[in-house]
Amino acid sequence: RVERLTDISPEDALAEGVAVSESDYEISKKDGRVPVIAFAKLWQSINGRGSWTANPWVWVVEFKRVTS
């Protein structure tokens, strides 16, 4: 599916592998957006200043673990 970059959910941000510290995790329980903020910082470190606020359309690719 496609969605706007800034529409990423906290769960999807965590699935992207962002690091959230123990203290941030406690804040996240109240705010819920901490993983998204961490992902935004990561995105900008890779794609440059202003890339988050540009809010491009992105592909969301999900994988499901299958056990036999």
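This passage describes the fold, the core and the largest pocket of one protein chain. The structure is a predicted model, so every value below was computed from predicted atoms.

It helps to start with the overall layout. Three helices and two strands make up the secondary structure of the chain, and they follow one another along the sequence in the pattern β-α-α-α-β. Contacts across the sequence add to this picture: of those between residues at least 6 apart, 56% join residues at least 24 apart.

Turning to the interior, 25% of the 68 residues in the chain are buried. The largest nonpolar core is made up of nine residues, namely Leu 5, Ile 8, Ala 13, Val 18, Val 36, Phe 39, Ala 40, Trp 52 and Val 58. Helix α3, which spans residues 34-47, gives the most to this core, with three residues. On the outside, the accessible surface of the chain comes to about 5400 Å², and carbon and sulfur atoms account for 54% of that area.

The last feature to look at is the largest pocket, which holds about 310 Å³ of space. Its lining is formed by 14 residues, and those nearest the centre of the pocket are Ile 8, Asp 12, Glu 16, Val 60 and Val 61. Two or more lining residues come from each of β1 (2-4), α1 (10-15), α3 and β2 (57-59). By residue type, the lining of this pocket has nine nonpolar and five charged residues, with no polar ones. Ile 8 links two parts of this description, as a member of the largest nonpolar core and as one of the residues nearest the centre of the largest pocket.

Key: Residues are numbered from 1 along each chain as its sequence is written. This is a predicted model: local features need pLDDT of at least 70, side-chain atom pairs count only at pLDDT 80 or more; totals for chains, interfaces and linings use all residues. Side-chain values use heavy atoms; hydrogens and water are left out. A nonpolar core is a set of buried Ala, Val, Leu, Ile, Met, Phe, Trp, Tyr and Cys residues joined through side-chain atoms within 4.5 Å. Buried means under 20% relative accessible area, exposed over 50%, partly exposed in between (1.4 Å probe, protein chains only). Helices (H or I, at least four residues) and strands (E, at least two) are DSSP runs, numbered from the N terminus. On a 1 Å grid over the protein atoms alone, a cavity is a set of points where a 1.4 Å probe fits but cannot get out, and a pocket is an open set with protein on both sides within 12 Å along at least five of seven lines; lining residues have an atom within 4 Å of a point. Grid points are joined across faces, edges and corners, and a volume is the space filled by probe spheres set on the points. Ala, Val, Leu, Ile, Met, Phe, Trp, Tyr, Cys and Pro count as nonpolar, Asp, Glu, Lys and Arg as charged, and the others, Gly among them, as polar. Contact means heavy atoms within 4.5 Å. Accessible areas come from the Shrake-Rupley method with a 1.4 Å probe; for residues, only the protein chains shown count as cover.
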